[in-house]
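Here is a short set of questions and answers on one protein model. Keep the structure open as you read.

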Amino acid sequence: MLYASVTAADKRIALRAGLTSGKILRYPGAFNPLSAKLIQQKGFEGVYISGAVLSADLGLPDIGLTTLTEVAGRSQQIARMTDLPAIVDADTGFGEPMNVARTIQTLEDAGLAGMHIEDQINPKRCGHLDGKQVVDADTAIKRIRAAVDARRDANFLVMARTDIRAVDGLDAAVTRAKQLQDAGADAIFPEAMGSLAEFETIRAAVSVPILANMTEFGKGELYTVQQLENVGMNLVIFPVSLLRLAMGAAARGLDAIEQTGSLTTMLPEMQHRADLYELLDYASYSQFDSGIFDFTLNPHISTPSPAQGLKEHNV
């Protein structure tokens, strides 16, 4: 009932343990708190919170328009509704190294298990759009060092994302990944890899866990979880998938209303009311209400008058 039964500290421990388990972790992207509960119900290992999704949720493109306050606030709403660890996209850290430090502590306070910060220029753009630009190595390293130094919980995961593959090629990505690991990054997120072989190359270059991004309609191919595990990936995200599915279904529903004036034919595609109530755990709320408000008085105990009760209270 209400929020997660697992503390943020324990979620961070669980994430760390999962990354060293030898099995790949699957983190679908939640587009709201309710979808995070569904991810947990379906048996996944964690929840991803995409910057692109947070932007889209506000009706904005993913070009660095969101603020730390917006990202932290929405991330807290999502993370607190699930017992699973949640990782959030922190873009470029929302400013200079001192801003990065503040970002880390704000996200810690919001209950996240970890975050990733990228080496694009600020403001950034979606990692699968053309025209990206990355910062120099010194700036990228300072961001990661600021993040690592600022965290108060050593288990809070600081992941470094590099977008340099699409700008300067695979060799540059290998070099940058090593630099970010040396700067203290707990994990590496190589964005927009061109093949499984490229993932393997990054795997061979660093010793920390690696994240693979399986986003639809992007620069890279979509590989199965097993394929990614076979080349040594530790975590795979499906960042915008649930939002795309939901928005696709919403569009089809609106079309049906426009064309036929009814959604009767689409009832089989909808989440049933009973399934929604189960996901929301209505039964626990009802039980709580019953335990608090549904009671009977002992007939042998007299009820004090309002005046008497007030007098006794003031004694």
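Q: Which residues does Leu228 touch, not counting residues up to four places away in sequence?
A: This is a predicted model, and contact here means heavy atoms within 4.5 Å. Sequence neighbours up to four places away are left out. That leaves Ile24, Leu196, Phe199, Ala212, Met214, Tyr223, Met233 and Val236.

Q: Which members of the largest nonpolar core touch the most other members?
A: This core has 59 residues. Leu228 is one of the residues with the most such contacts. The full set is Val47, Met115, Phe199 and Leu228.

Q: Which helix gives the most to this core?
A: The top contribution is six residues. They come from a helix covering residues 137–150. That is helix H6.

Q: Which side chain joins that of Asp153 in a polar contact of 3.0 Å?
A: Asp153 sits in the loop between H6 and strand E5. Ala9, Arg12 and Glu108 touch Asp153, leaving aside residues up to four places away in sequence. The polar contact of 3.0 Å is with the side chain of Arg12.

Q: What should helix H4 span, at 1.5 Å a residue?
A: H4 has twelve residues, 68–79. The expected span is 1.5 Å times one less than the number of residues. The end C-alpha atoms agree with the result, which is 16 Å.

Q: What arc do the buried residues of H4 cover around the axis?
A: Leu68, Val71, Ala72, Ser75, Ile78 and Ala79 are buried in H4. Residues three or four places apart in an α-helix point the same way, because there are 3.6 residues a turn. The buried residues lie on the same side of H4, since their arc is only 130°.

Methods
Residues numbered from 1 in each chain as written. Predicted model: local features only at pLDDT ≥ 70, side-chain atom pairs only at ≥ 80, totals over all residues. Heavy atoms only, no water. Core = buried A, V, L, I, M, F, W, Y, C linked by side-chain atoms within 4.5 Å. Buried < 20%, exposed > 50% of the residue type's maximum accessible area, 1.4 Å probe, protein only. Helix = DSSP H or I, 4+ residues; strand = E, 2+ residues; numbered from the N terminus. Polar contact = N/O pair within 3.5 Å; in protein donor to acceptor, adjacent residues only side chain to side chain. Arc of directions from axis to C-beta.
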